[in-house]
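Work through the exercises below with the sequence and the model open. Each task is followed by its solution in steps.

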Amino acid sequence: MANICTQIAGLQLRNPVLTASGTFGYGTEFADLINLADLGGIIVKGTTLHPREGNDYPRMTETPSGMLNCVGLHNKGVEHFCQHIYPKIKELPTRVIVNVSGSTIEDYAACAARIDALDRIPAIELNISCPNVRQGGMAFGVTCEGAASVVRAVREVYHKTLIVKLSPNVTNIAEIAQTVEDAGADAVSLINTLLGMAIDIERRCPRLSLATGGLSGPAIRPVAVRCVWQVAKAVRIPVIGLGGIMNADDAIEFFMAGASAIEVGTANFIDPTASVRIAKGINDWLDSHGCHSLQEIVGCVS
Amino acid sequence: MKYLRNFTVTAVEHLNPRNILLRLTDPAAPLPDCHPGQFVEVKVDGSDKTFLRRPLSIHFVDRVNNELWLLVQMVGDGTRALANLQTGNTLNVLLPLGNGFSPVQQQGERVLLVGGGVGVAPLLEYGKYLCEHHATPIFLLGARTREDVLQLDRFKQYGEVYVTTEDGSLGEQGFVTQHSILQNSTFDRISVCGPKPMMQAVAQYARKSNLPCEVSLENLMACGLGACLCCVEKTKKGNVCVCTDGPVFNINDLTW
């Protein structure tokens, strides 16, 4: 068995497979179907300082090899998370990481500070790339100044592993990655969804309530692999890759492009066991190719 | 408890040019416990244009033959691919999902089950359940034409069946809310599944008549597990997932 233990800054993972925020609930929704101990970790739903109702229905439409969503950070707020969800998930047999989002820099910092106090949450993923909210979200992640200001503010109050999730809806993602590295990020994860749109031609209206939404699924995988490859060459901090990973071969592409770990997202909707299947598949691939550790292939494609 | 199982297709009955009855069995194990009104998510193989699973109501559970029945309307590429399944094919099914219809409230209660088009699907299993628990289901099925009335004989096994068609080719002409049974009989409560305008009309009738009423929604969904938060319905508690808080809702909880 190859060694697939993974380290993302101070965060030790049993294997390099995480579940992407917003695609795996709080993990408990999948507990009947998989052994959560087989995962590297779970990144729970985007959490904000205040409760958010999210956007109106319809929030989702199927597209070629993917889907568009405009959920809009629907969640009950960080206080609800701390009081009612954290007690249920803190004993899960895997790492639990919280995805943190916000409308203002102050909100991001206050939410992160609240989660800093939770013993069993070793890391946060800072979402500066949600395309489905009118204020904040992606607005911070598409400029170097915006990204740096959020990351700096959160770094001041958050003392554990800080992962920053990047948007692909930018001209130069490597530049943004370097900026958040300089601002104190311990790792970056990429890519969030690509901004897209679909139209119902019979009703002559957008298929999503917000008109636009985030595209995910295998349709975006080549874009994601390219982004990971560009960012991994530009920064010294670890890169977590995601975007349309459906199987172990897809994951291997991301490792070769320079990712130290990966996230499985939309695949969870089609196959709720996808994440553990991929974790096992990575191991099998390494064994069958004579690799003793995952490290041997990380960034091997220059 | 939820399961992900590979079922074998035992029969594909073509009921009319748009609807099929898919009969499935699990060769390896008994079917899990399912409440009437719950649904499944099936994986659609062999369809290039589709990606997500398809949510389908549990139409009937045949414990004797260990069969799960699904009623499918061909509306797009995914459902057309399901209609092309052959006996012996495998279908990956996630089940059972959602909450289901209310249990029997009192022996002998008269429950009006109103279905429109393919929305009749969950009412067969619910009708069977009510019969088995000493309640009386009365079916009111609406469709566009005679050909669109699904599973009539099977519904008749469990209770009186009344029909409306828009063209009058079977039963009374018009919509379900215009059927004379609503004037000529009394009911203790109503359960509805069908197109949203029909369910809203029945909900309005129930409110006017002071009858408890529950409706089964079919919002577009991805995961079926409460993870993606795509299938939300606006309720008095805010946006909630139809897949986990529903698909069955009491109309008093909705903002209709």
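The exercises cover a sheet, two helix pairs and a domain assignment.

This is a predicted model, in which local features need pLDDT of at least 70, side-chain atom pairs count only at pLDDT 80 or more, and totals for chains, interfaces and linings use all residues. Residues are numbered from 1 along each chain as its sequence is written, chains are lettered from A and ligands numbered from 1 in the order in which they are written, and side-chain values use heavy atoms, with hydrogens and water left out.

**Exercise 1. The sheet**

Give the strand order of the open sheet of 4 strands in chain A, and state which strands stand at its edges.

Step 1. Strands (E, at least two residues) and helices (H or I, at least four) are DSSP runs, numbered from the N terminus. Two strands pair if DSSP finds at least two bridges between them.

Step 2. The order in chain A is β5-β6-β14-β11, and the pairing is antiparallel.

Step 3. β5 (60–63) and β11 (194–197) of chain A each have a single partner strand, so one side of each is left without a neighbour in the sheet. From one strand to the next, the twist averages 40 degrees.

Step 4. Within chain A, β6 (residues 66–69) and β14 (residues 212–216) are joined by 3 bridges. A:Leu68 has A:Leu215 in β14(A) as its bridge partner.

**Exercise 2. Helices α4 and α5 of chain A**

Classify the packing of α4(A) and α5(A), and list the residues that meet.

Step 1. Axes are lines fitted to C-alpha atoms, for helices over the stretch in contact, and angles run from 0 to 180 degrees between N-to-C directions.

Step 2. The axes of α4 (residues 144–157) and α5 (residues 173–182) of chain A cross at roughly 25 degrees and come within 9 Å. The pair is therefore roughly parallel (under 35 degrees; over 145 is roughly antiparallel, 65 to 115 roughly perpendicular and the rest oblique).

Step 3. Contact means heavy atoms within 4.5 Å. On α4(A), A:Cys144, A:Ala147, A:Ala148 and A:Val151 take part, facing A:Glu175, A:Ile176, A:Thr179 and A:Val180 of α5(A).

**Exercise 3. Helices α5 and α6 of chain A**

How are α5(A) and α6(A) oriented to each other?

Step 1. The axes of α5(A) and α6 (residues 221–234) of chain A lie 9 Å apart, at an angle of about 45 degrees.

Step 2. The two helices, α5(A) and α6(A), are therefore oblique.

Step 3. The contact includes A:Ile173 and A:Ala174 of α5(A), and A:Arg226 and A:Cys227 of α6(A).

**Exercise 4. Domains of chain B**

Which domains does the assignment give for chain B?

Step 1. Bounds come from an automatic or database domain assignment, which gives domain 1 (3–97), domain 2 (110–216) and domain 3 (218–256) in chain B.

Step 2. Over C-alpha atoms, the centres of domain 2 and domain 3 of chain B are separated by 22 Å.
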